[in-house]
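Welcome! Let us take a friendly look at the cysteines in this structure and see how they pair up.

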Amino acid sequence: MNYIRREPGFTMIEMLLALSAVSLCAVLCSALIALLPRSIAQHYEAEDALALRQLRFLLAQADTFTLTQEQLAFRYHMQFFTLEQYGHLLVKRPGFEVMMQQVDHIRFFKQNECYYLAYTRQTNSKEALLACE
């Protein structure tokens, strides 16, 4: 018996194997895509926590605070700095040190001798204590 194939094309088994491999890849990719938004949100939470720790450390050593809703100015080691929103960033000037990113709205306020930062990212609004006098 001679089983050599002379007709061009694929057998049914080859087609089923290829189809099952493609469907397995599609299932795995869809599961990963479903997890992606949650991991991005966790990334921003960790980044915000780190930025707030840095700001608190910096402002704990600062003095002479000046506050507006859009800006917090302070003196640190005899030099004046400001925290302000630039586009979707919270930056420290002079210079351009990015403290937080992808923030829609930033507002500074004072309540009972303490300075706070209120920020909005997408639909989530948060407030954080920065420093107290």
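## The handedness of the bridge

What does the torsion about the S-S bond of C114 and C132 say about the handedness of the disulfide? In this predicted model, that torsion is about 100°, so the disulfide is right-handed.

## Where the bridge sits

The sulfur atoms of C114 and C132 lie 1.9 Å apart. A pair of cysteine sulfur atoms within 2.5 Å is taken as a disulfide, and by this rule the count comes to one. The bridge links distant parts of the chain, its two cysteines being 18 residues apart. C114 belongs to strand β7, which covers residues 114-121, and C132 belongs to strand β8, which covers residues 124-132.

How do the two ends sit with respect to the surface? C114 has a relative accessibility of 12%, so C114 counts as buried. For C132 the value is 43%, and C132 therefore counts as partly exposed.

## Two cysteines without a bond

Next come C25 and C29. Why is C25 not bonded to C29? For C25, the closest cysteine sulfur is the one in C29, and because the distance is 6.4 Å, C29 is too far for a bond. Looking from the other side, C29 has its closest cysteine sulfur in C25, again at 6.4 Å and too far for a bond.

As for their surroundings, C25 has a relative accessible area of 46%, so C25 is partly exposed. C29 is partly exposed too, with a relative accessible area of 44%.

Methods
Residues numbered from 1 in each chain as written. Predicted model: local features only at pLDDT ≥ 70, side-chain atom pairs only at ≥ 80, totals over all residues. Heavy atoms only, no water. Helix = DSSP H or I, 4+ residues; strand = E, 2+ residues; numbered from the N terminus. Buried < 20%, exposed > 50% of the residue type's maximum accessible area, 1.4 Å probe, protein only.
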